[in-house]
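Here's a quick briefing to get you oriented. Have a look at the sequence and the model first, then come back for the points underneath.

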Amino acid sequence: MKKFVLLLSLMLSTVAFAQGAEAKKVGPPEGKALVGEVYGAGVSAKAEKSAMTTKKLDQKLKKSAKVENVAVKGKVTKVCDKKGCWLTLETDSNEKFFIKMKDYGFFVPTALEGKTVVLEGNAEMKVTSVDEQKHYAEDAKKPQSEIDVITKPEEEIRFMASGIKVVN
């Protein structure tokens, strides 16, 4: 009986350590983000052809607080270094446009930075709390001095992407 308990303990500890090692492998997926690569549910050919600029999306959001089933084209400026769970696009006015992945269902490689993509999904104007802004600043590995100056909520465009395609 003692041998059985010892063997069982050894097996359980091996499984526990194996799971612990797997949990440490958190990070953005590998990949080169080559033209034509798709992340998430994909982007339809129709959406790719009709993708609007961030400026046009901004104009639509001024008329309606939420726009569903829309495609937007832009240049990726930043990808979350921790998991690849969010990214930013540069707007026509050189501001940042924040994108999260629908249902946290897919992630993108950091190689996506600098690439032009088409996003398909839903957009809305959202007030982002101070805590949430600080969380994303930490994910982006910004210096503490930049994080400390975040002191008020900010209204911004939020895009929930169901699919992303690299187009350039």
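Lys126, Glu132, Glu156 and Arg158 are linked in a network of salt bridges. Keep in mind that this is a predicted model, so some parts deserve more trust than others: where pLDDT is low, the predicted coordinates should not be read in detail. With that said, the charged network is a good place to start.

**The network and Arg158**

- One link in the network runs between Lys126 and Glu132, whose closest N and O atoms are 3.2 Å apart.
- The two partners sit in different burial classes, because Lys126 counts as partly exposed at 28% relative accessibility, while Glu132, at 19%, counts as buried.
- Arg158 belongs to strand 6 and is buried, with just 6% relative accessible area.
- The side chain of Arg158 also makes a polar contact of 3.1 Å with that of Thr128.
- Leaving aside residues up to four places away in sequence, Arg158 touches Phe98, Lys100, Asn122, Ala123, Glu124, Lys126, Thr128, Glu132 and Tyr136.

**Other salt bridges**

- How many salt bridges does the structure hold? The count is nine.
- Asp139 pairs with Lys82, and their closest N and O atoms are 3.6 Å apart.
- Asp139 is in helix 4 (residues 130-139) and Lys82 is in the loop between strand 2 and strand 3, so this pair ties together parts that are 57 residues apart in sequence.
- Is Asp139 buried or exposed? Asp139 is buried, at 4% relative accessible area, whereas Lys82 is partly exposed, at 47%.
- Lys66 has a salt bridge too, with Glu68, where the closest N and O atoms are 3.9 Å apart.
- Lys66 is partly exposed, with a relative accessible area of 42%.

**The nonpolar cores**

- The largest nonpolar core has 26 residues, and Leu57, Leu87, Val108, Leu112, Phe159 and Ile164 have the most contacts inside it.
- Helix 3 (54-63), strand 2 (66-79), strand 3 (86-90), strand 4 (96-101), strand 5 (116-128) and strand 6 (154-166) each give two or more residues to this core.
- Apart from this core lies another one of six residues, including Cys80, Phe98, Tyr136 and Ala140.
- Which residues does Leu87 touch, not counting those up to four places away in sequence? Leu87 touches Val76, Lys78, Val79, Phe97, Phe98, Ile99, Met101, Val108, Leu112 and Ile164.

**The overall layout**

- The protein has five helices and six strands, which run α-β-α-α-β-β-β-β-α-α-β from the N terminus on.
- Of its 168 residues, 34% are buried.
- Among contacts with a separation of 6 or more, 73% join residues 24 or more positions apart.
- The accessible surface comes to about 10,600 Å², and carbon and sulfur atoms make up 54% of that.

**How far to trust the model**

- The average pLDDT for the protein is 85, and 85% of the residues score at least 70.
- Confidence is highest in strand 1 (residues 38-40), at a mean of 96, and lowest in helix 1 (residues 2-23), at 49.
- Over residues 4-8, pLDDT stays under 50, and the model has zero contacts beyond four places in sequence for them.
- Residues 19-23 also stay under 50 in pLDDT, again with zero contacts beyond four places in sequence.

Methods. Residues are numbered from 1 along each chain as its sequence is written. This is a predicted model: local features need pLDDT of at least 70, side-chain atom pairs count only at pLDDT 80 or more; totals for chains, interfaces and linings use all residues. Side-chain values use heavy atoms; hydrogens and water are left out. A nonpolar core is a set of buried Ala, Val, Leu, Ile, Met, Phe, Trp, Tyr and Cys residues joined through side-chain atoms within 4.5 Å. Buried means under 20% relative accessible area, exposed over 50%, partly exposed in between (1.4 Å probe, protein chains only). Helices (H or I, at least four residues) and strands (E, at least two) are DSSP runs, numbered from the N terminus. Contact means heavy atoms within 4.5 Å. A polar contact is a pair of N or O atoms within 3.5 Å; within protein, one must be able to donate a hydrogen and the other to accept it, and residues adjacent in sequence count only if both atoms are side-chain atoms. A salt bridge is a side-chain nitrogen of Lys or Arg within 4 Å of a carboxyl oxygen of Asp or Glu. pLDDT is the predictor's confidence in each residue, from 0 to 100. Accessible areas come from the Shrake-Rupley method with a 1.4 Å probe; for residues, only the protein chains shown count as cover.
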